[in-house]
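I opened this model to look up how its strands and helices are arranged, and I keep my entries here in the order in which I made them.

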Amino acid sequence: MSGWDEGAVFYSDQAQFPRGGPGGDPAADLTRHSALRKFKEFLRGFTGPTGDFPYRESLVHNRDHVTVAIEDLDAFDADLSDKIRKSPADYLPLFETAAAEVLASLRSKVAGETGEMEEPVTGDVQIFLSSKENCLSMRSIGADYMSKLVKIAGIAIAASRVKAKATHVTLLCKNCRSVRTVPCRPGLGGAIVPRSCDHVPQPGEEPCPLDPWIAVPDKSKYVDLQTLKLQENPEDVPTGELPRNMLLSVDRHLVQTIVPGTRLTVVGIYSVYQASATQKGAVGVKQPYIRVVGLEQSRDNNSNGPSNFTLDEEMEFKEFAQRPDAYAKLCSMIGPSIYGHADVKKAIACLLFGGSKKRLPDGVRLRGDIHVLLLGDPSTAKSQFLKFVEKTAPIAVYTSGKGSSAAGLTASVTRDSSSREFYLEGGAMVLADGGVVCIDEFDKMRPEDRVAIHEAMEQQTISIAKAGITTVLNSRTSVLAAANPIAGRYDDLKTAQDNIDLQTTILSRFDLIFIVKDIRMYEQDKRIASHIIKVHASGAAASAKNTDASEGENWLKRYIEYCRVTCKPRLSEKAAEMLQNKYVEIRQKMRQQAHETGRAAAIPITVRQLEAIIRLSESLAKMRLTSVATPEHVEEAFRLFNVSTVDAARSGINEHLNLSPEIANEIKQAEAQIKRRMGIGSHISERRLIDELTRMGMNESIVRRALLIMHQRDEVEYKRERHVIVRKA
């Protein structure tokens with residue numbers, strides 16, 4: 001009986017505050033009344049590290065919601081935060097009541113209509129919880145977490161329309177017209193309607209039957225409710241498994257804050273709802289969902305924000321960036337099992353680091369992402385590069401051209417099975433927002449699907465107008481694509497246009513286009529063969545040392561993430577001047593070339609290519625963690641641009657400018673023979689024609705070249721997949 005003589009005020013707990021939890025010692029447990037009092041004290045009296053009152057301030061400024069950090073609640077009263085964690089559904093309404101009462105006491109009285117001072121009317125206050133603890137994985141949440149507070153991260157892939165959810169349902173008795181109000185469970189739960197009316201019948205009056213209540217929708221109270229679909233982050237999904245989804249329900253001030261494709265971190269109450277009656281299943285089996293009580297959108301670049309690098313890591317990264325050979329070292333880390341292709345590796349390093357995004361005063365966005373196209377022969381390690389980038393980039397999605405449609409790459413509109421309404425689901429380009437999309441077999445895509453990528457590559461958004469949904473989604477991604485030429489192999493006898501079966505519209509959107517050829521050279525073949533045999537022979541030994549390799553990969557991933565978050569380089573004045581001069585010079589050369597040959601170049605050099613060189617210079621500066629791109633960076637960017645895109649524009653047969661006189665003479669003879677052999681309008685199999693002319697002592701490659709030149713002049717045309725030749729007039 002200690003403590004009776006303290007002179008405190010005592011009160012009895014009313015029936016509306018049932019004691020503590022079930023079982024246990026009631027005195028040891030927090031009663032709801034004291035919890036309410038403590039919540040009020042917390043909101044009024046919690047001081048921040050600088051000595052201010054953060055929650056009081058935010059309540060005065062935002063009258064309808066306040067965000068509370070669970071860590072602050074921990075520091076104030078550990079018992080209280082434990083209660084919120086264990087049974088949030090009971091204590092959060094108390095917290096909101098406390099907030100509304102505190103707000104009412106903080107506001108000054110206002111003059112009413114009659115001129116008397118009255119208490120101001122305060123509405124409800126919504127409490128958002130935020131927490132710094134680590135996220136749980138969606139797969140690990142099970143029955144143990146039921147009705148507890150959980151924190152998960154993922155990508156919102158779908159958002160429903162806003163519905164109205166009743167908080168209090170007004171019921172009317174059919175018989176005696178008496179009215180009563182029933183509270184409705186929050187989230188996706190319903191109201192519990194009593195079976196009988198408690199009206200006492202007068203003599204001669206008919207008693208109320210069972211189930212007499214009917215709901216009166218106009219008199220009930222409602223709040224906004226929206227359901228979201230959250231999918232695991234692609235990097236958390238185990239290989240070969242489908243990503244899991246989780247249903248979220250958000251209400252009041254959280255509705256319509258999220259568009260599909262956003263990365264979220266969600267704090268919520270794990271609860272269940274009874275699925276619709278149409279779905280067959282046992283009565284006791286319920287569908288889980290999360291009732292959201294706080295969410296934050298992740299920053300653009302990575303899911304945990306820039307603060308998750310330790311000081312040691314930062315020191316190590318800065319030290320590495322100061323090394324003179326940092327650029328070469330980074331390029332050697334890319335695709336270490338692939339031999340050669342030094343320039344392709346450098347380009348992929350640039351793609352992983354990316355340039356700087358810019359936002360102009362008039363709201364126009366300039367992209368900082370670099371797009372690379374690898375075009376070339378089979379077995380030149382193109383897909384290997386794509387797989388490597390998928391593993392190394394902080395956010396990456398890998399798709400193959402044949403197996404992906406336009407809707408799968410951009411966004412699709414699907415119909416919800418239960419509510420029959422349409423909603424948006426983001427595709428690969430939306431899910432990889434802030435990362436890289438790797439598209440293999442780019443040439444095998446259907447042309448109408450390839451067009452869907454145009455907007456995503458240049459404007460970095462995806463616009464949709466389908467089924468009554470009109471919206472714009474973000475897709476700030478880099479694209480790394482691999483393609484084969486038309487005939488499967490790169491044919492040196494054809495011009496660049498004939499080899500590359502892609503439209504100029506999509507080619508001009510790629511910053512770097514590499515033509516990867518399988519050149520047969522004795523020395524090189526020997527080196528490649530020994531490299532591949534070494535890789536296979538040491539494969540068994542390497543799996544033992546695997547941890548080292550994965551550590552290097554992991555280090556590279558962290559370094560890329562760090563550079564992308566912390567460094568936003570700009571061009572220096574000298575570099576800008578140099579760029580301008582070089583660009584004008586290249587355009588001049590191109591004009592001269594077009595003037596001399598009378599034909600335009602295959603790959604045009606336009607302002608887009610100038611922007612590409614600027615982005616490359618910035619990404620080269622970003623690798624060294626410098627904030628200014630110098631003339632050296634511009635030099636290297638130009639070199640990369642020259643060995644890739646400009647080289648691709650020049651490749652292939654240059655009409656017949658570069659032929660020696662003897663060969664030109666032989667080609668003329670071959671043309672005369674072909675014309676003699678084929679009359680106008682006649683057709684013959686290509687194989688047979690070549691065989692006949694080789695029997696006459698001509699070289700096969702000369703005959704093929706002659707045919708090609710005649711085809712370009714439109715004197716012959718190919719039919720039946722190039723097997724049959726027809727001579728035209």
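I began with one strand pair in this predicted model, and found that strand 14, residues 372-376, pairs with strand 22 in the parallel sense over five bridges. For Gly 376 I looked up the bridge partner in strand 22, which is Val 516.

I then followed the sheet outward from that pair, and noted five strands that form an open sheet in the order 15-18-21-14-22, with parallel pairing. Strand 15 (396-400) and strand 22 (512-516) stand at the edges with a single partner strand each, so one side of each is left without a neighbour in the sheet. From one strand to the next, the twist averages 15°.

Next I looked for what packs on the sheet, and found helix 9, residues 382-392, which touches strand 14, strand 15, strand 18 (436-440) and strand 21 (478-483). The direction of helix 9 makes about 155° with that of strand 18.

I turned last to a pair of helices, helix 4 (residues 78-86) and helix 5 (residues 88-106), whose axes come within 6 Å and cross at roughly 120°. Angles of 65 to 115 degrees count as roughly perpendicular and those over 145 as roughly antiparallel, and helix 4 and helix 5 are therefore oblique to each other.

For their contact I listed Lys 83, Ile 84, Arg 85 and Lys 86 from helix 4, which meet Pro 88, Tyr 91, Leu 92 and Phe 95 from helix 5. Sorted by type, the residues of this contact are five nonpolar and three charged, with no polar ones.

Definitions and conventions
Residues numbered from 1 in each chain as written. Predicted model: local features only at pLDDT ≥ 70, side-chain atom pairs only at ≥ 80, totals over all residues. Heavy atoms only, no water. Pairing = 2+ DSSP bridges. Helix = DSSP H or I, 4+ residues; strand = E, 2+ residues; numbered from the N terminus. Axes fitted to C-alpha atoms, helices over the stretch in contact; angles between N-to-C directions. Contact = heavy atoms within 4.5 Å. Parallel < 35°, antiparallel > 145°, perpendicular 65-115°, else oblique. Nonpolar A, V, L, I, M, F, W, Y, C, P; charged D, E, K, R; others polar.
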